[in-house]
Amino acid sequence: MELLRWDVIVSYLPLYRDAMFLTLRIGWAGIFAAVGLGFVCALVRHFRVPILQNIVGIYIELFRNTPLLVQLFFLYFGLPKIGLEIPAEPCGVLGLALLGGAYMAETFRSGLEAIEPIQMESALSLGMTRQQAVLHVILPQAVSISVPAFVANVIFLLKETSVFSAISLMDLMFTAKDLIGLYYKTLECLTLLVVFYLIILLPVSALGSFLERRLRYAGFGD
Amino acid sequence: MQALGIDVLFKGINMQRLLGGLWISLRISLIAVAFSIVLGLIVGVLMAGDNPVIKAVTRVYLEIVRVMPQMVLLFIVFFGTTRVFGWNIEAEIASIIVFTFWGTAEMADLVRGALISIPKHQYESAAALGMEEGQIYRHIIIPQTLRRLIPLSINLVTRMIKTTSLAMMIGVVEVLKVGQQIIEANRKSSPNAAFGVYACVFVLYFAACWPISMFSKYLERKWS
């Protein structure tokens, strides 16, 4: 008996393709929302907006210290009991956005904080306006410092989408589990699962390494 | 309280069962972390060296761990290897194997990062002061490396604890699964148990991870 049956793999392909699109759709929607949320939270924390910064701080600690699976269970199974029913797909996006927002906020904030005041002062003393200084001196450095952590977060969040099967979203994991349970073609299903996750994540990982090389922060004094 | 399903938590031994579930999660993660730290130190030192074959192999290993969701690895070990080799492993052992595989890569990367982040002039200055190779490592390099490494590896513990929640997907009866069972058992008497129980699991995870990540942050600030 051969190890993998190719006809089985070919017949499963369309199912996996659909599941991959679902994973990508929820994953990227969640990540975009997370970037927005994280950016706002980072600004609130960086500029120490009163009261809001405390709320944001609690939110960040809460969501950084609990697993996505538990957050999703609470959002999907817990909240309907107090009358807040969220359908599975928005719930997945919301869960990912809340988790990712907390991680992104920390990334952006440490990027902003890594820029020393002397950079701003030097820019001003060279005759730049504040706006020019932020645009040409502070932001480029903050962004390039944040890039490696940012890419790591994106990869982390895309990987975390694998828990969506627990709230009955038909993503790659769900499809694999379902097909294994139905037809017991374990190896074919797992191979396809690995291949499709590689298709999703390898490009992101490669792009990340490329960006990291291009934007490497020019160290000073080392 | 009845409406929110919080009463269920205090019925019978439910709270004890949840805590027991949490202990299973913690046990898996602590065992996996212990293995990961030992193996990660070895792999990390190898990676910082300059053997091209080892470098190539470890790079592939790190990349696999970097892009593969832990859940996929769990499925491969729990369903895949049992199918191929015909053996039978417990879900808990399978999760320890997977989390060790994942943790070793993370740890190795941290070790390598800490080692190459020590500037060359540290070695040279120590040598210029007349220290021998062994002394340089014992008094200069290793203390600095550890200071960078310890907060990050403590952080790995919290990530490990959070990741153990995935083990329920292959049938380990950890805190989330226990919560599910409690909800099922009380479906009739308190239909809203899902809210209270999942909120409790959320808090339990937070209570387990938050102090550890605070400690790691404290060390990081103290030693940097």
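Helices and strands are here DSSP runs, of at least four residues for a helix and at least two for a strand, numbered from the N terminus. On that basis chain A of this predicted model reads α-α-α-α-α-α-α-α along its sequence. That pattern corresponds to eight helices and zero strands in chain A. Chain B likewise has eight helices and zero strands, and its pattern along the sequence is α-α-α-α-α-α-α-α.

The radius of gyration of chain B is 22 Å, whereas the globule rule gives 17 Å for 224 residues, so chain B is more spread out than a compact globule. For chain A the radius of gyration is 22 Å, and a compact globule of 222 residues would have one near 17 Å.

The table sets out further values for each chain.

| Chain | Box of C-alpha atoms along the principal axes | Buried residues | Contacts at least 24 apart, among those at least 6 apart in sequence |
|---|---|---|---|
| Chain A | roughly 75 × 45 × 25 Å | 38% of 222 residues | 78% |
| Chain B | roughly 75 × 45 × 25 Å | 41% of 224 residues | 81% |

**Helix packing in chain B**

Two packed helices are described by the angle between their axes and the distance between the axes. In chain B, helix H1 (residues 14-48) packs with helix H7 (residues 175-185) at an angle of about 155°, and their axes are 7 Å apart. Because angles over 145 degrees count as roughly antiparallel, H1(B) is roughly antiparallel to H7(B). H1(B) brings B:Asn14, B:Arg17, B:Leu18, B:Gly21, B:Leu22 and B:Ser25 to this contact, where they meet B:Val175, B:Lys177, B:Val178, B:Gly179 and B:Ile182 of H7(B). Sorted by class, the residues where H1(B) meets H7(B) are five nonpolar, four polar and two charged.

**Contact between the chains**

Chain A gives 32 residues to the contact and chain B gives 34 residues. On the side of chain A that touches chain B, at least two residues each come from helix H2 (52-64), helix H3 (68-78), helix H6 (130-160), helix H7 (172-183) and helix H8 (186-214) of chain A. H8(A) supplies the most to that side, with ten residues. By class, the side of chain A that touches chain B consists of 22 nonpolar, six polar and four charged residues.

Conventions: Residues numbered from 1 in each chain as written. Chains lettered and ligands numbered in written order. Predicted model: local features only at pLDDT ≥ 70, side-chain atom pairs only at ≥ 80, totals over all residues. Rg over C-alpha atoms; globule rule 2.2 N^0.38 Å. Buried ≥ 20, exposed ≤ 12 C-beta atoms within 10 Å, placed from the backbone. Contact = placed C-beta atoms within 7 Å. Axes fitted to C-alpha atoms, helices over the stretch in contact; angles between N-to-C directions. Parallel < 35°, antiparallel > 145°, perpendicular 65-115°, else oblique. Nonpolar A, V, L, I, M, F, W, Y, C, P; charged D, E, K, R; others polar.
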